[in-house]
Amino acid sequence: MGWIYLLIAGVLECLWAIGLKYSDGFTRFWPSLITAVLIVVSLALLSFAMRTIPVGTAYAVWSGIGASALAIVGILFMQEPGGALRIFCIGMIIAGVVGLKLVGEGSTA
């Protein structure tokens with residue numbers, strides 16, 4: 001269940017980061033309110049995930065999901081550059097997140 005919480009928390013991290021852009025420095029009420037709620041829920045789910053997943057792994061996966069998803073959203077929908085090297089680096093982040101999941105919590109490899 002911890003990994004499900006962590007996946008949802010990572011997706012919400014991406015959404016609240018986008019919300020920060022639209023809140024315009026927390027000067028727009030609805031985008032600011034939605035962003036604040038997403039932040040609280042994302043952090044709560046991260047906290048729940050840390051009940052069964054080590055803190056270093058959970059935080060790395062949470063931030064990796066958010067960073068890679070947001071970079072992809074930026075390329076696809078926000079006219080951010082998407083060159084081959086940038087896409088390769090996003091792939092490396094995703095590979096690291098998958099690697100942390102595959103290695104697991106108790107592995108010494």
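Start by selecting Ala58 in this predicted model. Setting aside residues up to four places away in sequence, Ala58 touches Leu6, Leu46, Met50 and Ile53. Show those side chains as sticks and you can see the contacts around Ala58 for yourself.

**The nonpolar core**

Now widen the selection. Ala58 belongs to the largest nonpolar core, a set of 14 residues. The residues with the most contacts inside this core are Leu6, Ala9, Leu46, Ile53, Ala58, Val61 and Trp62. Which elements give two or more residues to the core? They are α1, α2 and α3. In soluble globular proteins, nonpolar side chains tend to be buried together.

**The whole chain**

Zoom out and colour by secondary structure. You will find four helices and zero strands, so to speak an α-α-α-α pattern when you read along the sequence. Taken along the principal axes, the C-alpha atoms fill a box of roughly 50 × 35 × 15 Å. The chain has 109 residues, and 28% of them count as buried.

Two further values help here. Take the contacts between residues at least 6 apart in sequence: 65% of them join residues at least 24 apart. Next, turn on the surface: its accessible area comes to about 6,700 Å², and 75% of that belongs to carbon and sulfur atoms.

**A patch on the surface**

Keep the surface on and select Phe29, Trp30, Leu33, Ile34, Val37 and Val41. Together these residues make a nonpolar surface patch of about 610 Å². Pick out Val41, which lies in helix α2. Is Val41 buried or partly exposed? Val41 counts as partly exposed because its relative accessibility is 37%, and buried would mean under 20%.

**Two loops with an unusual residue**

Go next to the loop between α1 (2-23) and α2 (29-49), where you will find Phe26. Phe26 has a positive phi of about 60°, although it is not a glycine. Most residues other than glycine have a negative phi, so a positive value is worth a pause. With 49% relative accessibility, Phe26 counts as partly exposed.

Now move along to the loop between α3 (55-77) and α4, and select Gln79. Here again is a residue that is not a glycine but has a positive phi, this time of about 55°. Gln79 is exposed, because its relative accessible area is 73%, and the cut-off for exposed is over 50%.

**A salt bridge**

Select Glu80 and Arg86. What do they form? They form a salt bridge, with their closest N and O atoms 3.4 Å apart. Side chains of opposite charge can pair when their charged atoms come close. The count for this model comes to one salt bridge, so this pair is the one to look at, given the 4 Å limit. Check how open the two partners are: Arg86 counts as partly exposed at 31% relative accessibility, and Glu80 counts as partly exposed at 32%.

**Along the last helix**

Finish with helix α4, residues 84-103. This helix has 20 residues, and from its first C-alpha to its last it reaches 28 Å, close to the 28 Å expected at 1.5 Å a residue. Just after α4, click on Gly104, which takes a positive phi of about 85°.

Notes. Residues numbered from 1 in each chain as written. Predicted model: local features only at pLDDT ≥ 70, side-chain atom pairs only at ≥ 80, totals over all residues. Heavy atoms only, no water. Expected span 1.5 Å × (residues − 1). Salt bridge = Lys/Arg side-chain N within 4 Å of Asp/Glu carboxyl O. Buried < 20%, exposed > 50% of the residue type's maximum accessible area, 1.4 Å probe, protein only. Patch = residues over 30% accessible without salt bridge, like charges linked within 9 Å, V, L, I, M, F, W, Y side chains within 5 Å. Areas by Shrake-Rupley, 256 points an atom, 1.4 Å probe, with all protein chains shown as cover. Contact = heavy atoms within 4.5 Å. Core = buried A, V, L, I, M, F, W, Y, C linked by side-chain atoms within 4.5 Å.
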